[in-house]
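Here is a friendly walk through one protein chain, meant to be read with the structure open beside you. Please keep the viewer ready to rotate as you go.

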Amino acid sequence: MENFRLSSARKELLSFVTAMGRGLTNNGKRPLQYLTPALASLHGSLSCMADTWMDGNHPDGIPPDLKAKARFGNPAFRTWHARLVRRSYGIVKCCLDCHREETIEELRAYLHDAFGHPIRIDYGTGHESSFVVFLLALCKIGCFAPSPPTISRASLSLFHAYLNVTRGLQRDYMLEPAGSHGVWGLDDYHCIPFFVGACQMVAREQTPSMPLSNYNDNLEHWDPSIIHNRNILEMHRNTYLYLSCIHFIQQIKPNVPFFESSPMLNDISSLGNWNKVSSGLLRLYEGEVLDKLPVVQHFVFGKIFSANWSPSRKGPLEAPQWTFINGPMGDECIAPWAYGNNGSNESPQGGENIHGRTNSNVSSLGPMPPTRAPWAK
């Protein structure tokens, strides 16, 4: 973990996240205006995933399994993710003009991890970070310019489309929050959209007052407490990412007061300006995501997003050969006095344990001495 904390990969990722927010200007939400053809293709793929892949009424849809009884993790998500794996080659290939197969495979790996884990059926800030790594890799291979304004505008548009997909997954397939701190965390699933959204609000406050009739926004002053105004949330959630995140929380937790469901966001709303909000959220992402082993251990590294340190071990850990259920000689690992017949504490050669299995390997144990309290005469 210390190697990653000091690595160029971490610095590169944090710098990219910072540029996603700090280069924003207030220009409303015009999804395709600042996207290169490659990113416009990605935006279209994300929109298709959000609109059709989960729609039970669409021929291409994969609706949740209504017979599943689990509180979290609808098994239909595994089918959805398998489709992502099958179609990811075409999604990535459409973003690239001419690149080698190894580049496409590396980008596919980042994309596969960006929408949740198909075995655990969960989603968290690590998966969100994988999508950021995917965008970083596209930037590094030349799909869009590395300047902060270009990065921020492209990221804002793509994150709106990306969140439409992930929110559908969270809502329809009930993905379990991965590593959530519950009410003591910022959000069950996300962190980066709040930072980028707060930076968008900073840009809005720095824009000279003028009417923007297309977005029904006259640029009146909004401090962070504006999130408690439901009319504003409903009117502007499609334009401002931060308001969109708050609106979604209120949608999925409709009967819970906001100060109870999201106490950290409620406290943040009392800050004096959006600059403080954005700075604090960036520090939060750095400390609670990039500096946490449970998140970083799942990152995928390749030639584009590379690990420039020597691994602490050469390969993955091997699974244990025996556990408390499966002992070294094939028997259960149970207390020595549990051997024998008729409740006795003796373990004769060739006797049977409480499960009726032969215990040829425990003849040397002998009877266990009685255990008594000192005052028991």
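The report goes from the whole chain to its helices, its pocket and a few single residues.

**The chain as a whole**

Please bear in mind that this is a predicted model. The chain has 377 residues, and 44% of them are buried. Its secondary structure consists of 14 helices and two strands. Looking at contacts between residues at least 6 apart in sequence, 65% join residues at least 24 apart. The accessible surface comes to about 19800 Å², and carbon and sulfur atoms account for 54% of that.

**Two covered helices**

Helix 8 and helix 10 make a good pair to look at. The table sets out their lengths and spans.

| Helix | Residues | Expected span | Distance between end C-alpha atoms |
|---|---|---|---|
| Helix 8 | 192-205 (14 residues) | 20 Å | 20 Å |
| Helix 10 | 241-252 (12 residues) | 16 Å | 17 Å |

For helix 8, the end-to-end distance agrees with what 1.5 Å a residue predicts. The distance for helix 10 agrees with its expected span as well. Helix 8 is largely enclosed by the rest of the structure, because 13 of its 14 residues are buried. Helix 10 is mostly covered, with 10 of its 12 residues buried. Those buried residues include Leu-241, Tyr-242, Cys-245, His-247 and Gln-250. What provides the cover? Helix 7 (148-172), helix 8, helix 9 (230-236), helix 11 (258-261), helix 12 (263-268) and helix 13 are among the elements that lie over the buried residues of helix 10.

Leu-156, a residue of helix 7, ties some of this together. Setting aside residues up to four places away in sequence, Leu-156 touches Leu-24, Val-196, Gln-200 and Leu-241. Leu-156 counts as buried because its relative accessible area is 7%, under the 20% cut-off. Its C-alpha atom is 8.6 Å from that of Pro-193, a residue 37 places away along the chain.

**The largest pocket**

Now turn to the largest pocket, which has a volume of about 680 Å³. It is lined by 37 residues, and those closest to its centre are Gly-124, Thr-125, Gly-126, Ala-178 and Val-295. Which helices supply at least two residues each to the lining? They are helix 5 (101-112), helix 6 (125-140), helix 13 (274-290) and helix 14 (293-296). Helix 6 gives the largest share, five residues. By class, the lining is made up of 16 nonpolar, 15 polar and six charged residues.

**Two residues with positive phi**

Most residues other than glycine have a negative phi. Ile-121 has a positive phi of about 55 degrees and is not a glycine. Ile-121 sits in the loop between helix 5 and strand 1 (122-123) and is buried, with a relative accessible area of 5%. Met-174 also has a positive phi, near 50 degrees. Met-174 belongs to the loop between helix 7 and strand 2 (176-177). Is Met-174 buried or partly exposed? At 38% relative accessibility, Met-174 is partly exposed.

**Back to the start of the chain**

Finally, look at Arg-5 in helix 1 (residues 2-5). Arg-5 is partly exposed, with a relative accessible area of 30%. Beyond its neighbours within four places in sequence, Arg-5 is in contact with Arg-10 and Asp-291. Arg-5 and Lys-292 are 287 residues apart in sequence, yet their C-alpha atoms are 9.6 Å apart in space.

How values were computed
Residues are numbered from 1 along each chain as its sequence is written. This is a predicted model: local features need pLDDT of at least 70, side-chain atom pairs count only at pLDDT 80 or more; totals for chains, interfaces and linings use all residues. Side-chain values use heavy atoms; hydrogens and water are left out. Helices (H or I, at least four residues) and strands (E, at least two) are DSSP runs, numbered from the N terminus. The expected span of a helix is 1.5 Å times one less than its number of residues. Buried means under 20% relative accessible area, exposed over 50%, partly exposed in between (1.4 Å probe, protein chains only). On a 1 Å grid over the protein atoms alone, a cavity is a set of points where a 1.4 Å probe fits but cannot get out, and a pocket is an open set with protein on both sides within 12 Å along at least five of seven lines; lining residues have an atom within 4 Å of a point. Grid points are joined across faces, edges and corners, and a volume is the space filled by probe spheres set on the points. Ala, Val, Leu, Ile, Met, Phe, Trp, Tyr, Cys and Pro count as nonpolar, Asp, Glu, Lys and Arg as charged, and the others, Gly among them, as polar. Contact means heavy atoms within 4.5 Å. Accessible areas come from the Shrake-Rupley method with a 1.4 Å probe; for residues, only the protein chains shown count as cover.
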